[in-house]
Amino acid sequence: MNKDVEIKSMLYQKRILGTLCILLAPLCLLFGLFGLDTNLPYWYKSISATFYANSNMFMIGLLFSVSVFFFSYICYDWRDRVVTLIEAVCSIGIVIFPCASEDIPARVGLFQLPFELSNIFHCIFAALLFLAFGFQITFLFTISGDNPSDNKIKRNRIYRICGIVIFVFCIVQFVSAIVNILPYSVPTTWINEFIMLTAFGIAYLVKSQSFKSLND
């Protein structure tokens, strides 16, 4: 394959990934509204909870797509390879081990585990995925040569802001999962996930050279 074509293909894949990550939470919620009569209670509490809603195709489909992307990702060095493998495995793990929710069966997921045990695995994979996202954006995307261009400095600033947002809202999610400050009906987890995925998506759009004013 021509080198230029290969690069353009990889950039296009990154743009698709970034766009889908930004749209995931809104699409899960929007299309879930068509199943109000059949969805389980509180299906809207998180993206993961839409596994039990009619819009679960978005959650399952994107996570499998993300996993395939990271398994096949052309990495820059061993650090990039390790992080992308973690992201790939965690993306699949979130689907294989569904989260706990209201009125779900006693056993769930591919291995039909008790939902309490499945939820533990689910939360571990989800936490690792977002932490890997934040690490990749903050510490790997920002690697520069000795004399980075002005636009590279600007891109690094955006990457760091997006990474910090992910880390901050990982903490917010951890605290909100322990302390119920808001009413239970408020989709706190969905909001936190939406913000983190948006930050990740923006970073990937910048990385994919989607904004000409930031490109070298």
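## Helices α5 and α6

In this predicted model, helix α5 covers residues 150-178, and its axis comes within 9 Å of the axis of α6. The two axes cross at roughly 165°, which makes α5 roughly antiparallel to α6, since an angle over 145 degrees counts that way. The crossing of α5 past α6 is left-handed.

If you would like to find this contact in the structure, look on the α5 side for R155, I158, Y159, C162, V165, I166, F169, C170, V172, Q173 and S176. On the α6 side, their partners are T188, T189, N192, I195, M196, A199, F200, I202, A203, V206 and K207. Sorted by class, the contact of α5 with α6 holds 15 nonpolar, five polar and two charged residues.

## Helices α1 and α6

Helix α6, residues 188-207, also packs with helix α1, residues 3-32. Here the angle is about 165° and the axes lie 8 Å apart. That angle makes α1 roughly antiparallel to α6, and α1 passes α6 in a left-handed crossing.

From α1, the contact draws on L11, K14, R15, L17, G18, T19, C21, I22, L24, A25, P26 and L29. From α6 come W190, F194, L197, T198, F200, G201, I202, Y204, L205 and K207. The residues of this contact of α1 with α6 divide into 15 nonpolar, four polar and three charged.

## Helices α4 and α5

A third pairing brings in α4, which packs with α5 at an angle of about 155°, with 8 Å between the axes. This makes α4 roughly antiparallel to α5, and the crossing of α4 past α5 is left-handed.

F130, L131, F133, G134, F135, I137, T138 and F139 are the α4 residues of this contact. They meet Y159, R160, C162, G163, I164, I166, F167 and C170 of α5. By class, the contact of α4 with α5 has 12 nonpolar, three polar and one charged residues.

## The nonpolar core

Which residues touch the most other members of the largest nonpolar core? They are F70, I166 and F200, in a core of 46 residues. The elements giving two or more residues to this core are α1, α2 (56-71), α3 (78-96), α4 (115-140), α5 and α6. The largest share, eight residues, comes from α6.

F200 is a good place to pause. Setting aside neighbours within four places in sequence, F200 is in contact with L17, C21, F70, F133, Q136, I137 and I166. F200 also belongs to the α6 side of the contact with α1 and to the α6 side of the contact with α5.

## Two residues of α4

S118 and I124 make a nice pair to look at. S118 lies in helix α4 and counts as buried because its relative accessibility is 0%. Not counting residues up to four places away in sequence, S118 touches F97, P98, V108 and L113.

I124 is in helix α4 too, but counts as partly exposed because its relative accessibility is 44%. The C-alpha atoms of I124 and C90 are separated by 8.5 Å, with the two positions 34 residues apart along the chain count.

## Loops and the end of the chain

Some residues outside the helices are worth a visit as well. D103 is found in the loop between α3 and β1 (107-108). Although D103 is not a glycine, its phi is positive, about 60°. D103 is exposed, with a relative accessible area of 58%.

Q209, in the segment after α6, likewise has a positive phi, near 65°, in a residue other than glycine. Is Q209 buried, exposed or partly exposed? At 40% relative accessibility, Q209 counts as partly exposed.

L36 lies in the loop between α1 and α2. L36 is exposed, with a relative accessible area of 52%. L36 and S210 are 174 residues apart along the chain, and their C-alpha atoms are separated by 37 Å.

Conventions:
Residues are numbered from 1 along each chain as its sequence is written. This is a predicted model: local features need pLDDT of at least 70, side-chain atom pairs count only at pLDDT 80 or more; totals for chains, interfaces and linings use all residues. Side-chain values use heavy atoms; hydrogens and water are left out. Axes are lines fitted to C-alpha atoms, for helices over the stretch in contact, and angles run from 0 to 180 degrees between N-to-C directions. Helices (H or I, at least four residues) and strands (E, at least two) are DSSP runs, numbered from the N terminus. Angles under 35 degrees count as roughly parallel, over 145 as roughly antiparallel, 65 to 115 as roughly perpendicular and the rest as oblique. A crossing is left-handed if the near helix is turned anticlockwise from the far one by less than a right angle, and right-handed if clockwise. Contact means heavy atoms within 4.5 Å. Ala, Val, Leu, Ile, Met, Phe, Trp, Tyr, Cys and Pro count as nonpolar, Asp, Glu, Lys and Arg as charged, and the others, Gly among them, as polar. A nonpolar core is a set of buried Ala, Val, Leu, Ile, Met, Phe, Trp, Tyr and Cys residues joined through side-chain atoms within 4.5 Å. Buried means under 20% relative accessible area, exposed over 50%, partly exposed in between (1.4 Å probe, protein chains only).
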